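This briefing is intended to be read alongside the sequence and the coordinates. Please have both open before turning to the points below.

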Amino acid sequence: MALLEVHGLRKAFGGLQAVNGCTFNVEQGSITALIGPNGAGKTTVLNLISGILKPDKGRIVFDGHHIQRRPPHQITHRGMNRTFQISLNLEDMTVLENMAVLSPVGGMRGLFRPDISKAERERALELLAFVGIAHLAHEVTRNLSYGQKKLLDFASLLMADPKLILLDEPAGGVNPALLEKIIDRVRQLNDQGITFLIVEHNMEMVMSTCNQVVVMAYGTVIAEGTPQSIQNNQTVLEAYLGKVAS
Ligand SMILES: Nc1ncnc2c1ncn2[C@@H]1O[C@H](COP(=O)(O)OP(=O)(O)OP(=O)(O)O)[C@@H](O)[C@H]1O
Ligand SMILES: [Mg+2]
């Protein structure tokens with residue numbers, strides 16, 4: 001069963017057709033990768049799915065609901081949450097405060113009143129421990145390393161108890177030890193029934209972690225299948241090589 005259906009999605013920026021008739025499904029319980037050369041439209045698709053951008057055309061069905069006209073907080077409320085290619089942490093707040101702000105449970109309320117309820121605080125500490133940074137709960141966020149900020153992003157999105165998690169380049173700029181940790185946590189959450197859609201350039205992560213792969217180029221899906229089948233797909237190789245050549 002598909003937890004997420006994307007059908008005929010289109011989005012232009014001025015004269016540039018960034019997403020040009022994009023159709024794919026994310027199966028319930030899968031870890032699905034969304035890959036493709038730079039500029040293929042992957043982040044734009046995540047922005048459309050999560051409601052940050054509105055599609056010009058097309059349909060997005062999440063957990064049986066049409067969400068293509070819904071604002072981001074409603075989509076989060078339905079059980080989808082995401083990270084961004086660039087961290088959105090508030091640097092002057094503590095890690096724990098960020099957990100409240102970034103939590104869709106707290107949302108804007110958290111921004112103006114960063115003190116959090118006992119239950120929220122317990123959940124936040126539990127999630128910080130899950131990603132291994134509970135000892136930094138009271139640290140000012142700007143003092144965290146790049147990797148620790150990535151872990152904070154990851155922990156904070158779990159505050160919403162999502163059924164579907166969208167990750168935009170979780171391995172980007174991350175050292176091998178941290179990548180192992182992120183992969184391990186993704187697997188654990190997936191074992192608990194959480195579905196993932198992961199935009200990633202790191203093929204090691206894609207091949208070792210994902211069970212479905214969707215390949216985009218020029219705003220559209222050019223191939224879909226298991227990691228093994230994608231690896232040997234001529235169209236996919238050409239899309240990547242074409243990009244390198246140009
Ligand atoms: N807000 C925007 N305004 C104008 N053009 C945009 C905007 N966002 C994306 N684009 C363009 O749309 C195309 C698709 O961009 P997108 O960021 O979705 O690609 P991507 O597949 O995520 O690439 P990367 O792998 O480099 O992150 C690119 O040509 C990009 O320059
Ligand atoms: Mg991108």
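The following points concern strands, helices and ring contacts.

The structure is a predicted model. Four of its strands form an open antiparallel sheet, and helix H1 packs on that sheet. Elsewhere, strand E3 is largely enclosed by the rest of the structure, and helix H6 is mostly covered.

**The open antiparallel sheet**

- The strand order in this open sheet is E2-E1-E4-E5, and the pairing is antiparallel.
- Its edges are formed by strand E2 (16-27) and strand E5 (65-66), each of which pairs on one side only.
- Helix H1, comprising residues 42-49, packs on the sheet and touches strand E1 (2-13), E2 and E4. The direction of H1 makes about 65° with that of E2.
- Two bridges connect strand E4 (residues 57-62) with E5 in the antiparallel sense.
- Across the E4 and E5 pairing, Val-61 stands opposite His-66 in E5.

**Strand E3 and its parallel partners**

- Strand E3 covers residues 31-35; five of these five residues are buried, so the strand is largely enclosed by the rest of the structure.
- Both faces of E3 are covered. Ile-31, Ala-33 and Ile-35 are buried on one side, while Thr-32 and Leu-34 are buried on the other.
- E3 runs parallel to strand E8 (residues 195-199), to which it is joined by four bridges. Within this pairing, Ile-31 stands opposite Phe-196 in E8.
- E3 also pairs in the parallel sense with strand E9 (residues 212-217), over four bridges. Here Leu-34 stands opposite Val-214 in E9.

**Helix H6**

- Helix H6 (residues 146-157) has twelve residues, which at 1.5 Å a residue should span 16 Å. The C-alpha atoms at its ends are 17 Å apart, which agrees with that expectation.
- Ten of the twelve residues of H6 are buried, and the helix is thus mostly covered.
- The buried residues of H6 include the apolar side chains of Leu-151, Leu-152, Phe-154 and Leu-157.
- Lys-149, Lys-150 and Asp-153 are also buried in H6, as are Gly-147, Ala-155 and Ser-156.

**Aromatic rings**

- What is the count of aromatic pairs? The count comes to zero.
- A charge does sit over a ring: the charged end of Arg-185 lies over the ring of Phe-130, 5.7 Å from its centre.

Key: Residues are numbered from 1 along each chain as its sequence is written. Chains are lettered from A and ligands numbered from 1 in the order in which they are written. This is a predicted model: local features need pLDDT of at least 70, side-chain atom pairs count only at pLDDT 80 or more; totals for chains, interfaces and linings use all residues. Side-chain values use heavy atoms; hydrogens and water are left out. Two strands pair if DSSP finds at least two bridges between them. Contact means heavy atoms within 4.5 Å. Axes are lines fitted to C-alpha atoms, for helices over the stretch in contact, and angles run from 0 to 180 degrees between N-to-C directions. Rings of Phe, Tyr and Trp (its six-membered ring) pair if their centres lie within 6.5 Å; planes under 30 degrees apart count as stacked, over 60 as edge-to-face and the rest as tilted. A charge sits over a ring if NZ of Lys or CZ of Arg is within 6 Å of the ring centre and within 35 degrees of the ring normal. The expected span of a helix is 1.5 Å times one less than its number of residues. Buried means under 20% relative accessible area, exposed over 50%, partly exposed in between (1.4 Å probe, protein chains only).
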